[in-house]
Amino acid sequence: QVRVVESGGGLVQPGGSLRLSCAASGSIFSIDTMYWYRQATGKQRELVASITASGNTKYADSVKGRFTISRDNAKNTVCLQMNSLKPEDTAVYLCNALAQDYRRVWSYYWGQGTQVTVSS
């Protein structure tokens, strides 16, 4: 069993910053790419950022220059530093990990999400 848990969401004013964290635990043999998605009310889930095990990153155009994804392979954690937040960044942010369990089976594992609200 692999578990993914996010933390760090909350309410922040426009222009402010938040740092989200995600930890994967359980029967993990290895983790490949880790992702942050977000889903706003009434909208489709959107890929925000991803980072491979070797540290290669990709970002949605809407967050480039404002968000930074990073990971600690030893701790199976990934973070999303969000700066210059805008009201349109308001969403539930979900962590996803492509992980291999001890049976050497690859699967995508989702966390339950953390709410980020950007409002004055």
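Visitor: Is Arg38 buried or exposed, and at what relative accessible area?
Guide: The model is a predicted one. Buried means under 20% relative accessible area. Arg38 falls in that class: it is buried, with a value of 7%.

Visitor: In which strand is the place of Arg38?
Guide: Arg38 is a buried residue. Its place is in a strand that covers residues 28-39, namely S4.

Visitor: With the side chains of which residues does the side chain of Arg38 make polar contacts?
Guide: A polar contact needs N or O atoms within 3.5 Å. At 3.4 Å, the pairing with the side chain of Ser62 qualifies. The other side-chain partner, at 2.9 Å, is Tyr93. The names are therefore Ser62 and Tyr93.

Visitor: Which residues does Arg38 touch, not counting those up to four places away in sequence?
Guide: Both polar partners, Ser62 and Tyr93, are on the list. So are Gln44, Arg45, Glu46 and Val48. The list also includes Val63, Phe67, Glu88, Asp89, Ala91 and Val92.

Visitor: Where is Arg66 found, in terms of strands?
Guide: Arg66 is buried, with a relative accessible area of 10%. It is not placed in a strand but in a loop, the one between S6 (57-59) and S7.

Visitor: Which side chain is joined to that of Arg66 by a polar contact of 2.7 Å?
Guide: Arg66 touches Gln81, Met82, Asn83, Ser84, Leu85, Lys86 and Asp89, with residues up to four places away in sequence not counted. The side-chain polar contact of 2.7 Å is with one of these, Asp89.

Visitor: How many disulfides does a search of the whole structure find, and which cysteines form a disulfide?
Guide: The search returns 1 disulfide. The sulfur atoms of the pair are 2.1 Å apart, and the cut-off is 2.5 Å. The pair is Cys22 and Cys95.

Visitor: How far apart in sequence are the parts that Cys22 and Cys95 tie together?
Guide: Cys22 lies in S3 (residues 18-26), and Cys95 lies in S9 (residues 91-101). The pair therefore ties together parts whose separation in sequence is 73 residues.

Visitor: Is the link of Cys22 and Cys95 left-handed or right-handed?
Guide: Both ends are buried: Cys22 has a relative accessible area of 1%, and Cys95 has 0%. The angle about the S-S bond is -80°, and the link is left-handed.

Visitor: Which cysteine sulfur is nearest to that of Cys79, and how far away is it?
Guide: Cys79 is buried, with a relative accessible area of 14%. It is in no disulfide. The nearest cysteine sulfur belongs to Cys22, at 8.7 Å.

Visitor: Which strands stand at the edges of the open sheet of 4 strands?
Guide: The order is S1-S3-S8-S7, with antiparallel pairing. Two strands have a single partner each, so one side of each is left without a neighbour in the sheet. They are S1 (2-7) and S7 (67-72).

Visitor: What is the bridge partner of Arg71 in S8?
Guide: S7 and S8 (residues 77-82) run antiparallel and are joined by 6 bridges. Opposite Arg71 in S8 is its bridge partner, Val78.

Visitor: Which residue in the hairpin of S9 and S10 takes a positive phi?
Guide: S9 and S10 (residues 106-110) pair in the antiparallel sense over 5 bridges. In S10, Ser107 is the bridge partner of Ala99. The hairpin has 4 residues between the strands, and the residue with a phi near 70° is Arg104.

Visitor: With which residues is Tyr35 in contact, leaving aside its neighbours within four places in sequence?
Guide: Tyr35 sits in S4 and is buried, with a relative accessible area of 14%. One of its contacts is the disulfide cysteine Cys95. The others are Leu47, Ala49, Ser50, Leu94, Asn96 and Tyr108.

Visitor: Which strand gives the most to the largest nonpolar core?
Guide: This core has 30 residues, and those with the most contacts inside it are Trp36, Val48, Phe67, Val78, Leu80, Met82 and Tyr93. S1, S3, S4, S5 (46-51), S7, S8, S9 and S11 (114-118) each supply at least two residues. With 5 residues, the strand that gives the most is S9.

Key: Residues are numbered from 1 along each chain as its sequence is written. This is a predicted model: local features need pLDDT of at least 70, side-chain atom pairs count only at pLDDT 80 or more; totals for chains, interfaces and linings use all residues. Side-chain values use heavy atoms; hydrogens and water are left out. Buried means under 20% relative accessible area, exposed over 50%, partly exposed in between (1.4 Å probe, protein chains only). A polar contact is a pair of N or O atoms within 3.5 Å; within protein, one must be able to donate a hydrogen and the other to accept it, and residues adjacent in sequence count only if both atoms are side-chain atoms. Contact means heavy atoms within 4.5 Å. Two strands pair if DSSP finds at least two bridges between them. A nonpolar core is a set of buried Ala, Val, Leu, Ile, Met, Phe, Trp, Tyr and Cys residues joined through side-chain atoms within 4.5 Å.
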